[in-house]
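The following exercises, each with a worked solution, concern strand pairing, burial, helix faces and a chain-chain contact surface. Please consult the sequence and the coordinates while working through them.

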Amino acid sequence: MSDKLQKPEQLVQIDFAPSKKDWMDPKVEIRKGTFNWAAIPKSTKYLDLPNVRKWQPTDDDWQLPDNWKEIILEGFRDRLKRFRSLKIFMDICVRCGACADKCHFFIGSGDPKNMPVVRAELLRSIYRNDFTTAGKILGSIAGGRKLTKDVIREWFLYFYQCTECRRCSVFCPYGIDTAEITMIGRELLNLLGLDIDWISTPAANCFRTGNHLGIQPHGFQDSVDFAIDDIEDNTGVRVDAPVNKKGAEILFVVPSADYFADPHYYGFMGYLTLFHEIGLDYTFSSFASEGGNFGLFHSNEMMKRLNVKIYSEAKRLGVKWIIGGECGHMWRVLHQYMDTMNGPADFLEAPVSPITGTKFENAKSTKMVHICEFTADLIKHGKIKLDPSRNDKWKVTYHDSCNPARAMGLLDEPRYILNKTCNHFYEMPENTIREQTFCCGSGSGIGTDENMEMRMRGGFPRANAVQYVKDKHGVNMLSCVCAIDKATLPPLMEYWVPGTEVCAVHELVGNALIMTGEKDRDNDLRGEPWAGEEDTADV
Amino acid sequence: MKAMTSLMAVILLILLVMLGAGAANLKYFFGVIFPYAAIVLFLVGIVLRVLKWAGSPVPFRIPTTGGQQNSLPWIKQNKLDNPHNLIGVLGRMALEIFLFRSLFRNTKTELKNGPRLAYGSSKWLWLGGLAFHYSFLVIFIRHFKYFAEPVPFFIPIMQNLDGLLQIGLPLLYMTDIIILLSVSYLFFRRVVSPQLRYFSLAADYFPLLLILTISISGILMRYFYKVDIVAVKKLGTGLLSFNPILPEGIGLLFYVHLFMVSVLIAYFPFSKLVHMAGVFMSPTRNLANNNRMRRHINPWNPDVKVHTYEEYEDEFRDVMKDAGMPLDKE
């Protein structure tokens, strides 16, 4: 698929004039490069999901159950009863259009149905038609549409061309959150068995093995051991990284990509060196070996099913509290959902840093602290020695991940760490960072190869902002705190801004960290030499 | 097309009242019965709508955070855009409701050669919206003088301020000009912009045209075709005291004005205009971001099928043993 991807200069010829066709016409073209493959039956069966079958979005017949319409309308009615958000968001939009050009998919594609207001109207039109008096009487004059199979196809296309990033929600005068619309739209689709594989298969893996990649316990142990060896090669220090150790003070949960993918892995090495240096009493869990939660992209029930292991492992291992690694949507789940779904965590203690004595008041109920909060506190108290010049070959910028930015507000903690670990840090333009940050374009389970064109389009605003600081300051490193970013920003950079690397914030921490007893380190965590002669000369 | 539908609807409504109150002389209906009915519809409709919203729980605490969270004591929190307590939330809501805080952030995205995306400041929608809502509010309050005797003390003050420009006789009210300009702007932006035209519904043009008709008919009565104020006030005070009388000598223009106001009031609870009430209940704005400090309860927290550690260890015991990993059961 990706070999057919157009060149950037072609892709950027975006036509923003909306089509002549009325948006109420639901007919869509399921075009390669802009959708995701359907879930394989093995995964949906393992998760006991409805309408298990082999199908593809390119099929003419999606093999919907006979009573598909009833299922959707009943599911809709049920969710209107359960979610005030849905009910209010269906009723109060005035279509002012402030959200329209805030969506990365609209900016990158010009497709008018990617304007957040229209994405919501796809659902709202059915709501009006079937659940409001005005719609029942006036039909399309009142903005109602009949629910047809074409509407279902349209939903499938556009609810998987939204990354639930919530940027539009920042600008909406009523706080209408398209993520909420998309999440509920996807829940409805899933009732008909219209799951996509890159969500359901990781979810099935996660249910069984504790992580999305399906890594079994011994594989997890191997990965941790590899990292310990790599760190020793690199620093001369052999760190300890316990797995399933009962009675440790802290459980540490990371997204699985951290110990299996590149460049996440260098950030993983960063955590391990840091924890070793401060002598933290912690443990991994091979079952809670994933903080990420693709259930979030499927349904609230699936999210709960996958999330439950974090508290249950904390309880089984007898820890006092939990630290979570760098991951975006994982933190949406941990911050906004976990305590509600699987709490109360009354068997844990309110988190206190054993190194600095800082009480993390903001996490006293959930008992889970973000690694950036933890590390920033360490640095502030002078508990670790850092040599930022070791990162001098990098001109660093920082990409705020959607969820930590807009569902949490974790903005200055990573920036504080970056400013203490690098000498060259540059911000991207203000409309593209912090709460206005642009998505990588591949979040919420749609970071697949088959969806590459849409990903490059959706990631265009982010990439363009990187281009800006590259031109202006020579930025060559895009740091972030999200596992999906670390997986999907490298191809995005290669496509739009070649020559830009991607890293974890804790990779830079690991590089800058002066470890007790370290050898004369001549390589960074990537095994590459520190800054070259000419780079250091101009510092 | 959808704008035309709305225009036709408004024209039909005008014809209806002109024929009804004029030709058919159904003045009591248009002057008394329909206004009462509209107010009843409004009150019942809004109350039911709010109760309907309130009837659905807020299962998760999902504020959209617009700034730095409350975390470490030395990191400066953005207390208004990312509040963690009630005071902060009240502040955030006040900014949202009185100053349209979120809309103030609005930008316009442009793709320039390079390619370079530029995000320009774009405050027109914010300004137009704010100007419209506030001038409407002032005009609404000013109208109390037609219903209350004696006239409340603040109304003359308000009128003086509104007429500060000291132009013409009767004194020109600034809000009259502002409402005409802002409503026209809000209408024409929908017609002119291809994107807005694409997704605007008849229900988006209709209230604007209705309000435009109300404003124009009001302005005509004040500045051009003078209405019998004494008679109108008799009708107004009569309506408010539930002692309706229909004085003679009220022109047709007044009936057009009153009828369109009544239609707007009656239409309100069944349209997007309920954003007035809904904005108070939006869960991305009216909740504190204290998620990890205080547990939020979901009243329907579902029982779900989970996979336990015991099942996991049962499946993987052998490989875990081989890898030397601790086990709960040997």
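**Exercise 1.** Determine which residue of β3(A) is the bridge partner of I250(A), and describe the surroundings of strand β1 of chain A.

Solution.
- Step 1. The bridge partner of I250(A) in β3(A) is W321(A). The model in which this pair is found is a predicted one.
- Step 2. The pairing of β1(A) with strand β3 (residues 321-324) of chain A is parallel and comprises 4 bridges.
- Step 3. β1(A) also pairs in the parallel sense with strand β2 (residues 282-283) of chain A, here over 2 bridges. In this pairing, T283(A) of β2(A) stands opposite L251(A).
- Step 4. The connection is made through helix α13 (residues 264-278) of chain A: together with β1(A) and β2(A), this helix makes a right-handed β-α-β unit.
- Step 5. Strand β1 (residues 250-253) is covered on both faces. I250(A) and F252(A) are buried on one side, and L251(A) and V253(A) are buried on the other.

**Exercise 2.** Is G193(A) buried or exposed? Identify also which residues it contacts beyond its sequence neighbours.

Solution.
- Step 1. G193(A) lies in the loop between α10 (178-191) and α11 (197-209) of chain A.
- Step 2. The criterion for a buried residue is 20 or more other C-beta atoms within 10 Å. G193(A) has 23 C-beta neighbours inside 10 Å and therefore counts as buried.
- Step 3. When neighbours within four places in sequence are left aside, the contacts of G193(A) are T44(A), L49(A), P50(A), N51(A), V52(A) and R53(A).
- Step 4. W55(A) is 138 residues away from G193(A) along the chain, yet their C-alpha atoms are separated by 9.7 Å.

**Exercise 3.** Establish which residues of helix α1 of chain B are buried, and how they are arranged around the axis.

Solution.
- Step 1. α1(B) (residues 2-23) has 22 residues. The distance from its first C-alpha to its last is 30 Å, close to the 32 Å expected at 1.5 Å a residue.
- Step 2. The buried residues are K2(B), A3(B), S6(B), V10(B), V17(B) and A21(B). These residues lie on the same side of α1(B), because they cover an arc of only 120 degrees around the axis.
- Step 3. An α-helix has 3.6 residues a turn, so residues three or four places apart point the same way.
- Step 4. The face turned away from the buried side of α1(B) carries exposed residues, namely M4(B), M8(B), I11(B), L12(B), L15(B), L19(B) and A23(B).
- Step 5. The cover over the buried residues of α1(B) includes α2 (27-55), α7 (174-192), α9 (202-224) and α11 (252-267) of chain B.
- Step 6. Just after α1(B), N25(B) adopts a positive phi of about 60 degrees.

**Exercise 4.** Repeat the analysis for helix α3 (residues 86-99) of chain B.

Solution.
- Step 1. G88(B), V89(B), R92(B) and E96(B) are the buried residues of α3(B). They line one face of the helix, since they fall within an arc of 100 degrees seen down its axis.
- Step 2. These buried residues pack against α4 (101-104) of chain B.
- Step 3. On the other side of α3(B), the exposed residues are L86(B), I87(B), A94(B), F98(B) and L99(B).
- Step 4. F100(B) follows α3(B) and has a positive phi, near 55 degrees.

**Exercise 5.** How many residues of chain A are in contact with chain B, and what is their composition?

Solution.
- Step 1. Chain A contributes 92 residues, in contact with 81 residues of chain B.
- Step 2. Helix α14 (residues 300-317) of chain A supplies the largest share of the chain A side, 7 residues.
- Step 3. That side divides into 43 nonpolar, 22 polar and 27 charged residues.

How values were computed. Residues are numbered from 1 along each chain as its sequence is written. Chains are lettered from A and ligands numbered from 1 in the order in which they are written. This is a predicted model: local features need pLDDT of at least 70, side-chain atom pairs count only at pLDDT 80 or more; totals for chains, interfaces and linings use all residues. Two residues are in contact if their C-beta atoms, placed from the backbone, lie within 7 Å. Ala, Val, Leu, Ile, Met, Phe, Trp, Tyr, Cys and Pro count as nonpolar, Asp, Glu, Lys and Arg as charged, and the others, Gly among them, as polar. The expected span of a helix is 1.5 Å times one less than its number of residues. A residue is buried if 20 or more other C-beta atoms lie within 10 Å of its own, exposed if 12 or fewer, and partly exposed in between; C-beta atoms are placed from the backbone. The arc is that of the directions from the helix axis to the C-beta atoms. Two strands pair if DSSP finds at least two bridges between them. A crossover is right-handed if, with the strands pointing away from the viewer, the path from the first strand over the helix to the second runs clockwise.
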